[in-house]
Amino acid sequence: MGKKERKSKKNSKHNSNVTKLYFGVGGILVAILVGLILFNSGIFEEAHDISKFSIDDECSIIMGNLIHNIRDGGDCKIKCVNNCEIRELDFYDSEFTFENSSCHTCDCYCK
């Protein structure tokens, strides 16, 4: 083998390594760019802004009995769904708390 053949093999190996390096760096940059685009689009967010509000039970005493406007968790959920729609939000969850000697509580979560 002459000097030219050795040089040619070294150059081709060098060019091959440089090409691999460019593709590797390019691939990393593309992956970072795609990740940033997905992150900015909000795809990784688990929960959007969730709003919480309470609905009053508006209970009253009639003939010595406590009468509730919101009787159970089902009534609470229905009121929450309706209130979320009025606020132009999507229903997320509701939380009903039974109170034996006073008005119940109904907390609504919308997103």
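The legends below describe close-up views of a predicted model.

**Figure 1. Overall course of the chain in the predicted model.** The chain contains two helices and five strands, and these elements follow one another along the sequence in the pattern α-β-β-β-α-β-β. Of the 111 residues in the chain, 16% are buried. When contacts between residues at least 6 apart in sequence are considered, 50% of them join residues at least 24 apart.

**Figure 2. The largest nonpolar core, with nine residues.** This core consists of Phe-53, Ile-55, Ile-70, Cys-76, Cys-80, Cys-84, Cys-106, Cys-108 and Cys-110. Strand E1 (51-56), helix H2 (73-86) and strand E5 (105-110) each contribute at least two of the core residues. In soluble globular proteins, nonpolar side chains tend to be buried together. Cys-80, one of the core residues, is in contact with Ile-55, Phe-91, Ser-94, Cys-106, Asp-107 and Cys-108 once its neighbours within four places in sequence are left aside.

**Figure 3. Two disulfides between helix H2 and strand E5.** Cys-76 is joined to Cys-106 by a disulfide with a sulfur-to-sulfur distance of 2.0 Å; the torsion about this S-S bond is about 90°, and the disulfide is therefore right-handed. Because Cys-76 belongs to helix H2 and Cys-106 to strand E5, the pair ties together parts that are 30 residues apart in sequence. Both of these cysteines, Cys-76 and Cys-106, are buried. A disulfide also joins Cys-80 to Cys-108, with the sulfur atoms 1.9 Å apart, and here the torsion is about -75°, so the link of Cys-80 and Cys-108 is left-handed. Cys-80 lies in helix H2 and Cys-108 in strand E5, so this pair ties together parts that are 28 residues apart in sequence. Cys-80 and Cys-108 are likewise buried.

**Figure 4. The disulfide of Cys-59 and Cys-103, and the pairing of the bonded cysteines.** The sulfur atoms of Cys-59 and Cys-103 are 1.6 Å apart in the model, and the link is left-handed, with -85° about the S-S bond. This disulfide connects distant parts of the chain, since Cys-59 is in the loop between E1 and E2 whereas Cys-103 is in the loop between strand E4 (91-97) and E5, 44 residues apart. Cys-59 counts as buried because its relative accessibility is 17%, whereas Cys-103, at 29%, counts as partly exposed. A search of the whole structure finds four disulfides, and when the bonded cysteines are numbered in sequence order the pairing reads 1-5, 2-6, 3-7, 4-8.

**Figure 5. The surroundings of Asp-57, a buried residue without a salt bridge.** Asp-57 is found in the loop between E1 and strand E2 (60-62). The nearest side chain of opposite charge belongs to Lys-79 and is 7.9 Å away. The side chain of Asp-57 instead reaches two backbone nitrogens, that of Asn-69 at 3.0 Å and that of Ile-70 at 2.7 Å. Leaving aside neighbours within four places in sequence, the residues in contact with Asp-57 are His-68, Asn-69, Ile-70, Cys-103 and His-104.

**Figure 6. Asn-69 in the loop between strand E3 (65-67) and helix H2.** With a relative accessibility of 35%, Asn-69 counts as partly exposed. Apart from neighbours within four places in sequence, Asn-69 is in contact with Asp-57, Glu-58, Asp-75 and Lys-79. The C-alpha atoms of Asn-69 and Cys-59 are 5.7 Å apart in space, although the two residues are ten apart in sequence.

**Figure 7. Glu-58 and Glu-88, each with a positive phi.** Most residues other than glycine have a negative phi. Phi of Glu-58 is near 55°, and this residue is placed in the loop between E1 and E2, where, at 60% relative accessibility, Glu-58 counts as exposed. Phi of Glu-88 is near 60°, in the loop between H2 and E4, and Glu-88 is exposed, with a relative accessible area of 72%.

Definitions and conventions. Residues are numbered from 1 along each chain as its sequence is written. This is a predicted model: local features need pLDDT of at least 70, side-chain atom pairs count only at pLDDT 80 or more; totals for chains, interfaces and linings use all residues. Side-chain values use heavy atoms; hydrogens and water are left out. A nonpolar core is a set of buried Ala, Val, Leu, Ile, Met, Phe, Trp, Tyr and Cys residues joined through side-chain atoms within 4.5 Å. Buried means under 20% relative accessible area, exposed over 50%, partly exposed in between (1.4 Å probe, protein chains only). Helices (H or I, at least four residues) and strands (E, at least two) are DSSP runs, numbered from the N terminus. Contact means heavy atoms within 4.5 Å. Lys and Arg count as positive and Asp and Glu as negative; His and the chain ends are not counted. A salt bridge is a side-chain nitrogen of Lys or Arg within 4 Å of a carboxyl oxygen of Asp or Glu. A polar contact is a pair of N or O atoms within 3.5 Å; within protein, one must be able to donate a hydrogen and the other to accept it, and residues adjacent in sequence count only if both atoms are side-chain atoms. A disulfide is a pair of cysteine sulfur atoms within 2.5 Å.
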